[in-house]
Structure formats: structure tokens, C-alpha cells
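Subject: The complex, handed over

Hi,

Here is the complex I said I would pass on. Have a look at it first, and then read my notes below.

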Amino acid sequence: MTPRSTWHPWAMLGPTLALLSVFFLLPIGVAAYESLFSWDMLTPPRYVGTANYAALAAHGELLRVALRTLGYSVLVVAGTMTLGLGLALLLDRPGRFFGFVRASVFSAYVVSWVAVALLWMWILDGNSGAVGGLTRWLGLGTVSLLGDPRWALPALAVVAVWKLTGYAMIVFLAGLQGVPRSLLEAAALDGAGPWARFRHVTMPLLAPTASFVATTSLVTSFQAFDVVRIMTQGGPARATELFVYAIYEQIFLNLSVGRASALTVVFFVLLLAVAGLQLRVWRARAGASR
Amino acid sequence: MRESKSRHAVILALACVAAVAWLLPYAWMVATSFKTLPEIVAHPGAPLPEHVDTGAYREVFATLPVARYMGITAFMAGTIAFAQIALALPAGYALAKLRFVGRGFAFGTVLACLLVPAQATFVPVFLLFAKAHVVNTMTALVLPFAASALGTFLVRQALVSVPDEMIEAARMDGAGELTIVYRVLAPMLKPTLVSLFLVSFVFHYNDYFWPLVMTTDDHVRTLPLGVALLREQGTGVRWHIVMAGNVVLSLPVLALFAMAQKHLVRAVSARS
Amino acid sequence: MYRHDVLARRDLLRACASSLALAPLATAACGHRTRPEHRDGRVVVTFWYAYGDLVRKVMLDLVARFNASQTRVFVEAVHQGDYYECLAKLRTALAAGAAPTLSHVVCEIIPYLARAGVLEDLGGYEGARLLPFVPALEQRGTFAHGDAEPLVSIPFNRSTPIAFFNARMLDEAHLAPPRTWDELLDAARALTRRAANGEVRWGFEVPIQGWYWLAMVGQAGGRLVEPDGRVSLGGDAGEKALRLWQRMVREEHVMRPPPGRDYQAWQSSNESFLGGHIAMMWSSTAHVRYLEDNAHFPVVTAPLPRDVRASVPTGGTMFVVMRAAPDEEKQAAWEFVRWMCDAEQTIAWSTRTGYMPVTRPAVERLVERGWYTKHPNDRVAYDQLAAVEPWPWSPDLFRVERDVVEPRLEEGVLEGRDAHVLMDEARDEARRPA
């Protein structure tokens, strides 16, 4: 349809485009610019070129942060997709009971990260938490997962999976609605068992849904901050220092705007790359299976 | 395809396990909130409190101005959700229904913003707000989210399927463009808009990161920040108080969820 | 019909949009203060503080008492989390032009803030130079050459690290509080018990943080910054201190590092101590009252052990006033600070928490009243002042301690990396400009 005046569309899009540009697109450019300076906001800024990037890359710290974030994201995505799909298949039945269970699982997605993080900090506490009690009962002594550099990050991933599975489950449930019963029944008549039906009928049809869940879960878990800030504050020994938390620490605790901006730029580039790669892989898979 | 009895039993059992896995932590949280500190230190593993003690809740309400924080948080979340809908409607309409030069570019801009998280923008935005002396005000909390790339995208998708004839008829009746958007099309999109509003409201109500970064004191502190502060006490951890704070924080959202479950679920599944 | 509506509605919408945009901006004026804030005819002093629990109650009590005792000034106390959180918010608020008038900060950050020019020089304020502080606790005793710098900090809640003991466990093992590193190691061995179900009662626990490590560096004869200005991070002493921890945690398994960073670790230690999971703990004298009141066993404190000498850093915080605040508010803030330094207030503060009384008259009065005979645990920190090592006045101090040294201490203790390599890396990074 043609607009009534040429300025109509721009008037309607104006506020939205202005706000989005100022608060989402422009900041990336500003971050790239600020990353070339050393500035603590209290004294005048100093041009340092790529020194911030060099400092971050020194001793391999930047690489470690990137790997940690990637590792965490992979764990969370794998966990939520597997559990989400499993729960969707399990609970895709009528009745109040199944509706109640679905609601319980999804409710974790709805509450605040603050609530979830504080709750699990309590549960995982070595001294007085449920997990500590369990390990003592099992004869393993007092175990403090959040205080062990090897287990802290996986522990955070488990908490994230607990919170985010509900989302994956709901999306898969919607995807399952799109699988025609007739196809499943035809396959059953052909003698296919439940597993075969799943593999050859359901899974291919779910591929786009799975791709969607994988990409959005990946992007979400790449941005993890709340869970780190509340549960481990980046420790122990930097084991849980994920990208966004590192940016936060650089600017609010070290007051180093340049380093924080440099980290932001790297973070954004990495996010784009990973999301893009993920999409391409899934699309190729979906294409190949047809 | 009828399931055998044993298979059904297994499924029921697994469903129960799932329910327990997701409900038990909450139950633990509520139980802890009714305990006392000596009880927690002495018997940390006890599932139920010896007596129901509301001391933790009294301490939470004494330490935090709960009503005030909740009011601020609800106002902020409501304003954001409302603004997002108000802006997404005309923008989505323009992208869906109007043909104009630069439409592809505008749509591309909106899509591009879907990939940019708040965590990537907070440093420059904070600096911008600092220069404008707007840090620690409601503006800093609301303005960056007043436009929603996702909302615009969803409204556009929903409007694409609306027949052009309806809009042309309204035009011939003499209706202005904005009237068409807000009085003709919006009611047709009610389910989508309600879901969008709820999801946005819940997301921003729960938001910890942005208020943490954009506020410096009590002035516009939100409830998640306040409850998180309960943890940082400096002498000894008081789990019962932290859990009581958690309950206070989560109850409104869970109540909203119970009442509006359908809409929230629809919003999540509609995106696929 | 529609045309009228369209015009009216469009105007209405435009009006709504512009008011939505402007209204919050109007409140933006609150972010930047040029005139002093008044309430009921009193000057309002915003005071950002960083305690919780018991200490917070005492603080709010004193603030209420001050507000009730006069009608010129109203102190508005705002809670900001723990020291680091409060400091982070303070610095960003300074950068954003939204800083409070008064706050309190850890000693390590004061040289940095002073160099950035954000702290008010209090030397010229009424009575500033005459306050009878305990020398080791005021700026000139806290920092090496602290008197050569402008007076920007006034002692508030001051502490030293001390050793806490579960007296019952000590008695059972027939041990006295260890006085040297060797005795500490022996005591930790003797006090560690392993139960059949795998549960361990640890002999010793201390947060793996710069403050305690620095105490040990001093005890081993080293210092952070050499007299010629070179940042040595204790040299050999620094490595020796880290190695002791590594030995106790990784080889002898008699010490447990508490989980969590910053004050999370302190809370965790306190909790473990109260729960009877550890026998000996190093913590701040600030927790004396809290631990005594909440323990089911007698709590005994003692000075930290010595290696070649006794040494402790001071801790806690100092009052600081922001230069950017309006003059009237700064004067009002000074009134409050002076009032807090009066003997009666500093006595109330220290007896109710465990922090040290900061003025000499206050200490004398407490001795007269026999307080220390009734509460010997309170005396330990004060007596330890004889062994205090002043902080270097270095703007990099905070960054080096928290960002350069502490993560490496954690790596050394939790992951077992070589102490020498770690300290070399730390020295490297400390010398690099921020």
C-alpha cells in the first residue's frame, strides 16, 4: 500500500529507529572508539591505540575469558535443548497433571535471575546447603562446588539449565504441534516403533524449531551476568569470569573505560560470529535432511 | 496409538521427577524463610522449620523499603512495556503495509538490533547518560528500552497477514493513519499485544543488570537489586533472610504467571 | 467525522509523547546538585555506607542519635552493599556528577581518589588538626609519609586482622594460641579431624585475600613497595607467604580456603567458625562482638603469629568528603564526622562491634571503666597496633592488591601454580601502567 504522504512512514518509524540507533547501534561504534583510549572517568582520557587489546590479550587472559564463555554456553545450550526436548515429548499430553508439571518447569524461566541465583547459592552451599548435606550423607564429606575452580563453572551451567529448560520445552511443544498426527500414524502402521517414529518423522520436522532454540539459547547464555555476579563474582581464581562480568568489573571496579570498551568490541564480534555460525550449521543440517 | 499401562506408569513417574526437580527448590526456599539463624547453623539439612518463624520476613521489611522498591520496579516495567507497544504498532505497520523507499534499510536496522544485547551497549550508554547527568534516574532505566526491536518485528509479522482491503476501507472512511493503527489494527492484534506486554513487563521487572549499572543509590533502586543486597551483609550469611527476600521478590511474578500463563506461553512459542 | 478526531488524536498523541520524553528529563535535574539540599530547614548530608547486619544497626543508631541531638544538620544514610560495591558506586557516581557528600572507603583506595582530585582537603576545617587520634589509625600513621599529603581522610571503623579460636577445641587439644608460623602449622595439624563419613573439621581457615597475605609478607620481613619506590610485592617474603598457604592447603590438608570472593569469603568463614567446622580462623577484629554473641562455645582471640617479626596492616575504612559537594553540605558533613570522633560515640561504636576506638581519650576511658578486663578479645587488635605496617601512599595500591595480586593468590592456592612464577607475573603486571 502506498502511504498517504511520503513522510508518514518515517514519522511512524522515527521514534523507534532513533531510539534503537542511539541505544543499540551507536554504542557499538562508541565502544570501538573508546577502546583506543585509557580513561578512568575522573581524569582526562589518554590515547593509547591498541594497547588495551594488547593488555587484555597478555598472559592469554582474553582467550581464556572467551573460551570460558563459549564452554559455558555450549553446556547450557546442550543441556536445555536435550532436557527441553525430552520434557516436551514427555509432557505433551492432555490433562491437569501434565499441565501442572509443564507450568512448574516453565515457572523457573519466569522468575528473576536474582531469585534463582540466591536460591541455588543456598542449595549448593557446602556447609548449610542441601547439596552439602547430601554429600555428607553419602560419605563424601563437605563439598563446596562454588569454591572449587574446576566445578564452579559447570555448577553455574547447571543452574542456568534449570532456569532455561522451561523456555526450550515450551518452544519444542509448539513445534511438536506442527507435526501432523497423520504422518505419525502412517509410520506406526508401517511398523515403526516410537524411537523410529521420533527419528524419522518428528526430528526432521522439528529441525527449524531446534535451530531457533539453539540460537536464542546460545545468544542468551553468551550474555550471562546475573548468575556470576550473585553466585561467584567471577571467582574462584577467575574460573567463572565470563565476558559480560569481565566487562562489568573493568568499568565499575577498575574504572578502566578503555579496557571495558575493548572487551565489549571483542564480545560483540564473537557473539555475531558464533550466532552466525550456529545458524549456518543448523540451516545446512535442515537443508540436508530434506 | 495406545500406550501400554507400564509405559504410562513410567511416563507418570518421570513427570513426577520433573515436577519435583523444579518445585523442590522453591519448597526449600519457602521452608528456609521460616527458620531462624541458630536452626540453620545447627541443622542445615532439616527440610521443615521447627516452628514457623516470621522473623526473617520482619527483617526483610525492616531492612528494605519493599513497597517503595516494588512500586518503582512495577512503574518502570509498566512504562517500558507500554512504550514498547505504543511505538511498535506504528513502526510495525509502516514496515508491514506501507511501500516506501528505504523500507528494506529500516527493516534491516530493526533486525540488526535483535542481535545486540544490553550487555554490549551498557558502557557507552552509561557514559552518554553520565554526560547528560541522567544516571540514577528513571529516564536511564526506561528510555533505552522504550523501543523494542523484537516487538516491532512481531507486530510487523502479525500485520503482514491483515488484508489490505480493511485498511483501504478505513482510509476511505476518512481515518488518519494513526487512528487506523491504534483504533483499527491494534484491537485485532490484542492477543499478540497482551503477550508482548506481559513478557516485556516480566522481563524488565526481573531485570537485575541494567538497574545495577544505571543506578548509584536508593533513589530509583528496583526490588531485584534490593533483594540481592540482602546477600551482601558482611558479617555472617543469613540464609533465612535472603530466602525471605527471594519469596517477596518472586511472589508477584509467580502470581502474574499463574493468572496469565496462557499469554506468556503464547508469546514465547509465537516467536518460533 | 474522523477528520476532527484525527487532528485531535494526533495532537494528543504528540503531546503525550513529548511529555513522556520530557517528564523524566525534568527529574534528571536531581542527578546534578549545585545547591545544598535542605529539609525542614536543616542541611541534608547524604552519607553512603557499606555495612549490613549488626554493624549497620549500630551505624543507623548513631546517625539517628546525631540527627536527634541538633537541628542544623540531617544525615541521610544510604546503604550500598559491601565496601567494594559501595566504592564502585561512589566512583561511578563521581564520574556521573551524582556523588554523595560523605562516604567511607578502604584505606587502599584513598591515594587514588586523592590524586584524582575528588576528595575535600579537611586540613583547614575546624579542629581537624587537633583531634586526638591514635597515631597508627589516622592518616599520617596509616600511610607511609601520610602527613606529607593533604588531610583527606578521617578514621572511622578501623581494624587489624586477628586470630580467632574455638576455645573448646584448643583446650581439648591442650594447645595455646600459636605465636609463630611453625606453631601455627603444628596447631593446624593437631586440630584437624577427619570423621569416618568424610567430613573434616579444619584446623585453620582464612580468606585468600590481599589483606591477610600482606600481613604474612610483613611477618616474613618483606614490604609491598621498597623505600626506593620499586614495587617488589614483598620479594622473597611474598613468595614465602603464598607458599605457606599452599603447603597448608595442598600438601598438609589442614587449611581450607573459604569459597566466594571479597566479603562473601569472610561471611563464609564466619559461618564455618560458628558452625564448629573450623578451629582457628583469621578475620577482622570487626567481627569480635558478632562471633562472641552467636557462638555456642567460648571465643578466644590472639595476635597474628610472627615469622621473623610481628606485622599487621590496618583495615576498615576512613571517612571521606567529596570535593564536588556544595560548601554548606561539606561543613555539615564535617560536623557529623567530628561528632563521630567524640569519645562517647567512638566508644559506643567500638564496644558494640569490635572495631578499635580511634581516639586516645576513648581508649583511656575504656581502660578506666575496666572494659578490657571484661572483654579481653577487644584488646588484641589495639595491642597489635605496635606491629602495624603502614600502607604505601600509592595511587596504584588498590588496583595492584585486588586485580593483580589476589587472583594470583587464588591461583596459587586453588590450582597449585608455582609461587615464584605467580609473583613474577604479578610484579610484571603491577609495573605496567593502568
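Let me start with confidence, since this is a predicted model. In chain A, the lowest mean pLDDT belongs to α6(A), at 77, while helix α3 (residues 61-91) of chain A has the highest, at 92. Chain A as a whole averages 86, and 97% of its residues score at least 70. Chain C also comes with an average of 86, with 92% of its residues at 70 or above. The part to watch there is residues 1-32 of chain C, where the pLDDT is below 50; that stretch still has 39 contacts in the model beyond near neighbours in sequence. Where pLDDT is low, the predicted coordinates should not be read in detail. For the complex, the predictor reports an ipTM of 0.84 and a pTM of 0.85.

Back to α6(A) for a moment. Which residues of this helix (residues 130-137) are buried? They are G132(A), G133(A), T135(A) and R136(A). These four lie on the same side of α6(A), because the arc they cover around the axis is only 165°. After the helix comes G139(A), with a positive phi near 85°.

Now chain B. It has 14 helices and zero strands, so to speak a plain run of α from the N terminus on. Its radius of gyration is 24 Å, whereas the globule rule gives 19 Å for 272 residues, so chain B is more spread out than a compact globule. Along the principal axes, its C-alpha atoms fill a box of roughly 75 × 65 × 30 Å. Even so, 53% of the 272 residues of chain B count as buried. If you take the contacts in chain B with a separation of 6 or more, 78% are between residues 24 or more positions apart.

How many residues of chain B are in contact with chain A? There are 69 of them, and they meet 74 residues of chain A. On the chain B side, helix α14 (residues 239-270) gives the most, with 14 residues. By class, that side of chain B has 52 nonpolar, 12 polar and five charged residues.

Chain C mixes both kinds of element, with 18 helices and 12 strands. Its C-alpha atoms fill a box of roughly 95 × 55 × 50 Å along the principal axes. Of its 434 residues, 54% count as buried. Among contacts in chain C with a separation of 6 or more, residues 24 or more positions apart make up 74%.

The domain assignment splits chain C into domain 1 (38-159 + 315-383) and domain 2 (161-313 + 396-431). The centres of the two domains of chain C, taken over C-alpha atoms, are 28 Å apart. Each domain of chain C puts 22 residues into the contact. On the domain 1 side, the elements that give two or more residues include α2 (53-69), β5 (154-159), β12 (315-321) and α16 (376-384) of chain C. The largest share of that side comes from α16(C), with five residues. By class, the domain 1 side has 10 nonpolar, seven polar and five charged residues.

Cheers

How values were computed. Residues are numbered from 1 along each chain as its sequence is written. Chains are lettered from A and ligands numbered from 1 in the order in which they are written. This is a predicted model: local features need pLDDT of at least 70, side-chain atom pairs count only at pLDDT 80 or more; totals for chains, interfaces and linings use all residues. Two residues are in contact if their C-beta atoms, placed from the backbone, lie within 7 Å. Ala, Val, Leu, Ile, Met, Phe, Trp, Tyr, Cys and Pro count as nonpolar, Asp, Glu, Lys and Arg as charged, and the others, Gly among them, as polar. The radius of gyration is taken over C-alpha atoms; the globule rule is 2.2 Å times the number of residues to the power 0.38. A residue is buried if 20 or more other C-beta atoms lie within 10 Å of its own, exposed if 12 or fewer, and partly exposed in between; C-beta atoms are placed from the backbone. pLDDT is the predictor's confidence in each residue, from 0 to 100. The arc is that of the directions from the helix axis to the C-beta atoms. Domain bounds come from an automatic or database domain assignment.
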